[in-house]
Amino acid sequence: IYELGLVYEIIVDADRKALIKMTLTSPACPSAQQIPQEVRYKVKAIPGIADAWVEIVWEPPWDKERMSEAAKLTLRFF
């Protein structure tokens, strides 16, 4: 998810609570319910993180240019 460029911002406050601002490739994404829940679960499992929230944002819109070089190579987006 991170390599795909879907994570826009990660904020951890003094109470060790994490806010992950992320997007999806499309508002019609069939995994729109599952992905944010999985991200929250995985971040909460990181040692030192007390809690986590995921906020889905649509600005700026996602495009393939946000992907890492490794993700582009893996998905053959060159």
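Contact here means heavy atoms within 4.5 Å. The model on screen is predicted.

**Stop 1: Val43.** Select Val43 and hide its neighbours within four places in sequence; the residues left in contact with Val43 are Ala18, Ile20, Ile49 and Ala52.

**Stop 2: the core.** Extend the selection to the largest nonpolar core, which has 12 residues. Val43 is one of them, and so are the four contacts picked at the previous stop, Ala18, Ile20, Ile49 and Ala52. To complete the set, add Leu6, Val7, Met22, Leu24, Cys29, Ile35 and Val39. Now colour by secondary structure: β2 (17-22) and α1 (34-44) each contribute at least two residues to this core.

**Stop 3: Ser26.** Go next to the loop between β2 and α1, where Ser26 is found. Is Ser26 buried or exposed? Neither label applies: Ser26 counts as partly exposed because its relative accessibility is 26%, and that class lies between under 20% for buried and over 50% for exposed. Show the side chain of Ser26 and the backbone nitrogen of Ala28; the distance from one to the other is 3.0 Å. Then put a distance label on the C-alpha atoms of Ser26 and Arg16: these two residues are 10 apart along the chain, and the label should read 30 Å.

**Stop 4: the surface.** Finish with Ile10, in strand β1 (residues 7-12). Its relative accessibility is 53%, so Ile10 counts as exposed. Add Tyr2 and Val12 to the selection; with Ile10 they make a nonpolar surface patch of about 340 Å².

Key
Residues numbered from 1 in each chain as written. Predicted model: local features only at pLDDT ≥ 70, side-chain atom pairs only at ≥ 80, totals over all residues. Heavy atoms only, no water. Patch = residues over 30% accessible without salt bridge, like charges linked within 9 Å, V, L, I, M, F, W, Y side chains within 5 Å. Areas by Shrake-Rupley, 256 points an atom, 1.4 Å probe, with all protein chains shown as cover. Salt bridge = Lys/Arg side-chain N within 4 Å of Asp/Glu carboxyl O. Helix = DSSP H or I, 4+ residues; strand = E, 2+ residues; numbered from the N terminus. Buried < 20%, exposed > 50% of the residue type's maximum accessible area, 1.4 Å probe, protein only. Core = buried A, V, L, I, M, F, W, Y, C linked by side-chain atoms within 4.5 Å. Polar contact = N/O pair within 3.5 Å; in protein donor to acceptor, adjacent residues only side chain to side chain.
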